[in-house]
Each structure stands twice: as structure tokens, then as C-alpha cells.
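Thanks, everyone. Please bring the structure up on your screens, and I'll walk you through it.

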Amino acid sequence: MSASPAAALREAGLRVTNARLEVLQTVQQHPHADAATVLTLTRERARGVSVQGVYDVLGTLTDAGLLRRIQPAHSVARFEIDDGDNHHHVVCRSCEAIVDVPCAVGERPCLDPAAAAALGFEVDEAEIIYWGTCPACREDRPATALDTPA
């Protein structure tokens with residue numbers, strides 16, 4: 001987020017409230033956090049923010065384009081600041097860590113949407129999620145025959 005949280009809220013046409021500022025700051029400091037984590041961290045800093053308030057703010061900020069909601073398969077939704085950059089994510093199958101990955105194409109929709117266009121869709125975005133094993137989890141797992149060169 002290039003602007004201050006308060007300025008970003010105003011630019012999005014939203015009132016600046018304590019709950020919105022706190023949630024934005026939490027997500028900025030903890031990208032890819034799930035709603036429960038955002039709730040816990042926000043309420044540690046701003047005790048007057050209600051549980052429902054945090055969930056409402058996550059929805060409002062996502063609808064306003066300030067947050068991006070990502071939900072890898074078999075995972076809870078995660079939130080990050082939506083800076084408008086076109087990036088994707090890689091998810092560790094073992095520990096479920098999520099890391100940003102630059103877009104290989106550089107512009108949306110990142111894939112050839114010809115099949116969808118043939119069905120009458122106007123495609124403006126494609127969500128790409130890479131799956132694999134992070135370095136820490138690869139270090140922790142026992143070696144297998146697949147890891148040994150032939």
C-alpha cells in the first residue's frame with residue numbers, strides 16, 4: 001500500500017475508522033494471514049474491536065479493492081494488501097506457507113482465455129497458484145530414492 005492506511009481508506013471512498021485502520025495495519029504486517037489470525041492480532045492491539053467488526057472490515061476492505069482475498073484449494077481464505085501488482089502465489093503442501101511469485105507474463109489475465117471467450121466470457125483475471133514444498137520442509141523430510149541421483 002503506497003498511501004498511508006487512512007489515505008487509502010479515503011481514496012477508496014471509505015470512512016476512516018479505528019477498526020479499518022487496525023485491520024489494514026495487521027494485514028500489512030502479516031500478509032497471507034487468515035481471518036482468525038487477523039482477528040487475534042487486531043484484537044491484541046485494539047481491544048475495542050469486536051469479532052464481527054473484524055470480519056465485516058475484512059469484507060468491506062476486500063470489496064473496496066484494498067485487500068485481496070486468496071483461497072488456495074483445501075485452505076481457508078487468506079488476505080493481503082491489494083497493491084494492484086500482478087503477482088501469484090506458491091503454497092507449500094507440507095506447512096501451507098504462502099509466498100508471492102512474480103507474474104511470468106506480466107499482465108492480466110496471465111493465461112490465454114480463448115476457451116472462455118468462445119463461451120462468451122470477458123476474462124479480466126486468472127488466478128495462478130503454484131504448489132510445491134518449501135526449503136524448510138524439504139530439509140526436515142527424510143531422504144527418499146527420488147532425492148538420490150541415479
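Let's start with one histidine. H87 has a relative accessibility of 7%, so this residue counts as buried, the cut-off being under 20%. Keep in mind that this is a predicted model.

Where does H87 sit? It lies in strand β4, which covers residues 87–92. Its side chain makes a polar contact with the side chain of E80, at 3.1 Å. What else does H87 touch, once neighbours within four places in sequence are set aside? The list is R68, E80, D100, V101 and C103.

Now step back to the whole chain. There are 6 helices and 6 strands. The order along the sequence is α-α-β-α-α-β-β-β-β-α-β-α. Of the 150 residues, 34% are buried. Take the contacts between residues at least 6 apart in sequence: 41% of them join residues at least 24 apart. The exposed surface is about 9,300 Å², and carbon and sulfur atoms supply 52% of that.

Next, the core. The largest nonpolar core holds 22 residues. Which of them have the most contacts inside it? Those are V23, V27, L58, L61 and L67. Several elements feed this core with at least two residues each: α1 (5–11), α2 (18–29), α3 (35–45), α4 (51–63) and β3 (78–81).

Look at L58 in particular. Not counting residues up to four places away in sequence, L58 touches V23, V27, A35, V38, L67 and F79.

L58 is one of the buried residues of α4, so let's turn to that helix. α4 has 13 residues. From first C-alpha to last, α4 reaches 19 Å, close to the 18 Å expected at 1.5 Å a residue. The buried residues here are G53, V54, V57, L58 and L61. Why do they fall on the same side of α4? Because they cover an arc of only 140 degrees around the axis. The general background is helix geometry: with 3.6 residues a turn, residues three or four places apart point the same way.

And what do the buried residues of α4 pack against? Their partners are α1, α2, α3, β2 (67–70) and β3.

One last detail on the backbone. Just after α4 comes G65, with a positive phi of about 85 degrees.

To recap: we have a buried histidine in β4, with a polar contact to E80. We also have a nonpolar core of 22 residues, to which α4 supplies at least two. Happy to take questions.

Conventions. Residues numbered from 1 in each chain as written. Predicted model: local features only at pLDDT ≥ 70, side-chain atom pairs only at ≥ 80, totals over all residues. Heavy atoms only, no water. Core = buried A, V, L, I, M, F, W, Y, C linked by side-chain atoms within 4.5 Å. Buried < 20%, exposed > 50% of the residue type's maximum accessible area, 1.4 Å probe, protein only. Helix = DSSP H or I, 4+ residues; strand = E, 2+ residues; numbered from the N terminus. Contact = heavy atoms within 4.5 Å. Expected span 1.5 Å × (residues − 1). Arc of directions from axis to C-beta. Polar contact = N/O pair within 3.5 Å; in protein donor to acceptor, adjacent residues only side chain to side chain. Areas by Shrake-Rupley, 256 points an atom, 1.4 Å probe, with all protein chains shown as cover.
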